[in-house]
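Visitor: I would like a close look at one part of this protein. Please start there, then show me what lies around it.

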Amino acid sequence: MTTPTDRSIVITRAFDAPRALVFDAWTKPDLLMRWYGADGWRLVECEIDLRPGGRWRYYSIGPGGQGMGSSGVYREVVPGERLVTTEVFDEQSYPGEALNTIEFTEDTMVTITLRYDSRAIRDIQLRYPMERGITQAFRRLDRVLMNWTLEVVVVPVSDVDRAKEFYAGTLGFKVDHDTDTGTGTRFVQLTPPGSGCSIVIGQGTGNTMAPGSLQGLQLVVNDLHAARAELVGRGMELGEVQVFGAEGPRAAQEGDDLNNVGFLFFSDPDGNGWAIQQITSRP
């Protein structure tokens, strides 16, 4: 927190999360109510009309049941990049309103500039434990923004080389590494094209699943017919595309919208079961 001019306070903070998500945390009530406020305070009312000229209002409850309300008007809204709002508290110790500018950069640095009508008003704000409260709120925001990603699924196989040839040679998975420790343990990690999650096959890994016992693994593509043609061209034997609707599964017909409801099914050489689903858009 710095005071670059006699009428302003500037706060900067980096967050380990996508810029769009951090922007959402500032503009969506369900997210704001999970982090906004110092320790011991909780946001119980949050109204946001996110547009130039739209109003916002927060009301928080703190220790001993004391309340604090604030509100303002959005002067500028650039989705994912910039917010400019006025701010006034229900019961505040200075006249007028503040002008708050919040900027979100691509490296997920957030810069908040609080501008007041005079140096005297700015100095009144500095007498409050503002920095401590903001630091506590941002620590809570860190927890809200924490990413949980699925990294690896272990697939039980009986013949590592045969399985590697199937997943890499036939399916086209990328071989991230093939590590043999020389002590009877081997790890092969493979990743489907464009996927953030990989599979691991190997031996001596401590996996107690029987080869072929894993079912329900699922891949997603944006064009199921094109994916089927690609795999058939690589020598895979595949059934026809299936559509799952209210009437149950049926063979896909020309002109069907396969988004979310189109599937292909196959198994690897050990019998581990896979599905391929078409998703071209999500709700």
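How many bridges join strand β6 (residues 98-104) to strand β7 (residues 109-115), and do these strands run parallel or antiparallel?

Guide: Six bridges join β6 to β7, and the strands run antiparallel. Before we go on, note that this is a predicted model: local features need pLDDT of at least 70, side-chain atom pairs count only at pLDDT 80 or more, and totals for chains, interfaces and linings use all residues. Residues are numbered from 1 along each chain as its sequence is written, and side-chain values use heavy atoms, with hydrogens and water left out.

Now some vocabulary. Strands (E, at least two residues) and helices (H or I, at least four) are DSSP runs, numbered from the N terminus. Two strands count as paired if DSSP finds at least two bridges between them. In general, the strands of a sheet pair through backbone hydrogen bonds, either parallel or antiparallel.

Look at one pair of partners. Leu99 has Arg115, in β7, as its bridge partner. Next, find the loop between β6 and β7: Thr108 sits there. Thr108 is not a glycine, yet its phi is positive, at about 60 degrees. Is Thr108 buried or exposed? Thr108 counts as buried, because its relative accessibility is 8%. Here buried means under 20% relative accessible area, exposed means over 50%, and partly exposed lies in between (1.4 Å probe, protein chains only).

Step back to the whole sheet. It is open and has seven strands, in the order β1-β7-β6-β5-β4-β3-β2, with antiparallel pairing. The edges belong to β1 (8-14) and β2 (42-48); each has a single partner strand, so one side of each has no neighbour in the sheet. Neighbouring strands are turned against each other by 20 degrees on average, direction ignored.

Two helices belong in this picture. Helix α1 (residues 19-27) lies across β2, β3 (55-61), β4 (67-78), β5 (82-89), β6 and β7. Its direction makes about 155 degrees with β6. Such angles run from 0 to 180 degrees between N-to-C directions, with axes fitted as lines to C-alpha atoms, for helices over the stretch in contact. Contact means heavy atoms within 4.5 Å. Helix α4 (residues 130-145) lies across β1 and β7, at about 25 degrees to β1.

Now for another sheet. Four strands form it, in the order β8-β11-β10-β9; this sheet is open and its pairing is mixed. β8 (152-154) and β9 (174-180) are its edge strands, and each pairs on one side only. From one strand to the next, the twist averages 20 degrees. Helix α5 (residues 160-170) packs on this sheet and touches β9, β10 (186-191) and β11. The directions of α5 and β10 differ by about 10 degrees. β8 and β11 (residues 198-203) run parallel and are joined by three bridges. Val154 stands opposite Val200 in β11.

Val154 also helps to build a nonpolar surface patch of about 190 Å², together with Val152 and Met209. Patch residues have over 30% relative accessible area and no salt bridge; nonpolar side chains (Val, Leu, Ile, Met, Phe, Trp, Tyr) are joined within 5 Å, like charges within 9 Å. Accessible areas come from the Shrake-Rupley method with a 1.4 Å probe, and for residues only the protein chains shown count as cover. Met209 lies in the loop between β11 and β12 (217-221). Met209 counts as partly exposed because its relative accessibility is 34%.

Charged pairs come next. In general, side chains of opposite charge can pair when their charged atoms come close. A salt bridge here is a side-chain nitrogen of Lys or Arg within 4 Å of a carboxyl oxygen of Asp or Glu. The structure holds 18 of them. In one, Asp161 meets Arg186 at 2.9 Å, N to O. Asp161 belongs to helix α5 and Arg186 to strand β10, so this pair ties together parts 25 residues apart in sequence. Arg186 is buried, with a relative accessible area of 12%. Arg186 also meets Asp178 in a salt bridge, at 2.8 Å, N to O. Asp178 counts as partly exposed, at 32% relative accessibility.
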